[in-house]
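Biologist: Please take a close look at a single part of this model, and then set that part within the whole chain.

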Amino acid sequence: MNQEASESQQIALVVGAGQGIGLGFVRQLLEGDRVNCLYATYRNVDSELLQIDDPRLHCLALDIMDEAQIAAVVQKIQAETSALHHVINCVGVLHDGTMQPEKSLRQLNADQLLHYFQVNSIGAVLLAKHIQPLLKHRDRALLATISAKVGSIGDNQLGGWYGYRASKAALNMFMRNVAIEYKRTCPRAIVVNLHPGTTDTELSRPFQRNVPPEKLFSVKRTVQQLLTVMDGLQENDSGEFFSWNGDRLPW
């Protein structure tokens, strides 16, 4: 499957497509003719992703905490195509088994903080490092990373959730840096962070009790809203942080 990039040949990669918003992106990108070829990564072999039957879909196992795996996945893609037009990174962790977001300083521990940064921050910038050659082409390209409004320092009025907030703030800084470098190396690439809103996924489920029904989005609605934002982005939007409704968010 040797693919050559062109305006009519839209090739995409969704990272963290095994569940939640990432899986929703895969389903909607495969609807109609949005993409000709879609790569999607997963961690869990029981994922619904692996049940999708579409010749355009190519599933790749990836743990974003392992840089060697990131490099290997990118090499596999490079062996088949010269360019990617959309890269959407949906990987993120808020809670995991006994790991829960901290409510106070008393609950902080170094291992949990490191885990937050490994998943939510470091993996994203290492992905940007390795995917860069596939975004060096003459067509419009997009590197979009799912962040969170709670990672905004300017918006933080409640405190708490130390590791999650700080790792998302670090993610925002990493991708801002990437956007600046990509302007020199991948001038047609738009690099943005996106706040999806509270979405009905495993990540948010334990924290939905106080969310008004109109503020709790289905995965399908979230993906549709984010695709609308992404479709409207211009090259001068690179390096910015957008909410699901297109508003710019403060750093």
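Modeller: S243 is buried, with a relative accessible area of 6%; buried means under 20% relative accessible area, exposed means over 50%, and partly exposed lies in between, computed with a 1.4 Å probe on protein chains only. The model is a predicted one, in which local features need pLDDT of at least 70 and side-chain atom pairs count only at pLDDT 80 or more, while totals for chains, interfaces and linings use all residues. Residues are numbered from 1 along each chain as its sequence is written, and side-chain values use heavy atoms, with hydrogens and water left out.

S243 belongs to strand β7, which covers residues 241–243. Helices (H or I, at least four residues) and strands (E, at least two) are DSSP runs, numbered from the N terminus. When neighbours within four places in sequence are set aside, S243 is in contact with H195, V229 and L249, where contact means heavy atoms within 4.5 Å.

The setting of this residue is the whole chain. The protein chain has 5 helices and 7 strands, and along the sequence they follow the pattern β-α-β-β-α-β-α-β-α-β-α-β. Buried residues make up 52% of its 251 residues. Of the contacts between residues at least 6 apart in sequence, 68% join residues at least 24 apart. The C-alpha atoms fill a box of roughly 55 × 40 × 40 Å along the principal axes. The radius of gyration of the chain is 17 Å, which agrees with the value near 18 Å for a compact globule of 251 residues; this radius is taken over C-alpha atoms, and the globule rule is 2.2 Å times the number of residues to the power 0.38.

V229, one of the contacts of S243, leads to the helices, as helix α5 spans residues 219–231. Two packed helices are described by the angle between their axes and the distance between the axes. Helix α1 (residues 20–29) packs against α5 at an angle of about 70°, with the axes 9 Å apart. Axes are lines fitted to C-alpha atoms, for helices over the stretch in contact, and angles run from 0 to 180 degrees between N-to-C directions. The angle therefore makes α1 roughly perpendicular to α5, given that angles under 35 degrees count as roughly parallel, over 145 as roughly antiparallel, 65 to 115 as roughly perpendicular and the rest as oblique. The crossing of α1 and α5 is right-handed: the near helix is turned clockwise from the far one by less than a right angle, whereas an anticlockwise turn would be left-handed. On the α1 side the contact includes I21, F25 and L29, and on the α5 side V223, L227 and M230 are among the residues met. By class, this contact has 8 nonpolar, 5 polar and 1 charged residues; Ala, Val, Leu, Ile, Met, Phe, Trp, Tyr, Cys and Pro count as nonpolar, Asp, Glu, Lys and Arg as charged, and the others, Gly among them, as polar.

A second pair of helices is α3 (residues 110–131) and α4 (residues 162–185), whose axes come within 8 Å and cross at roughly 15°. That angle makes α3 roughly parallel to α4. Their crossing, too, is described as right-handed. Residues of α3 in this contact include L113, F117 and A128, and those of α4 include L171, F174 and V178. The contact divides into 16 nonpolar, 4 polar and 1 charged residues.

Several residues lie in or beside this second pair. Q112 is in helix α3 and is buried, with a relative accessible area of 12%. Setting aside neighbours within four places in sequence, Q112 is in contact with M99, Q100 and E102. Q132 lies in the loop between α3 and β5; Q132 is buried, at a relative accessible area of 15%, and touches E181, Y182, T185 and C186 beyond its neighbours up to four places away. W161 sits in the loop between β5 (141–146) and α4. W161 is partly exposed, with a relative accessible area of 25%, and has a positive phi of about 50° although it is not a glycine.

Helix α2 (residues 67–78) holds I70, which is buried at a relative accessible area of 1%. Beyond its neighbours within four places, I70 is in contact with residues including G123, L126 and H130. The C-alpha atoms of I70 and I131, 61 residues apart along the chain, are separated by 8.8 Å.
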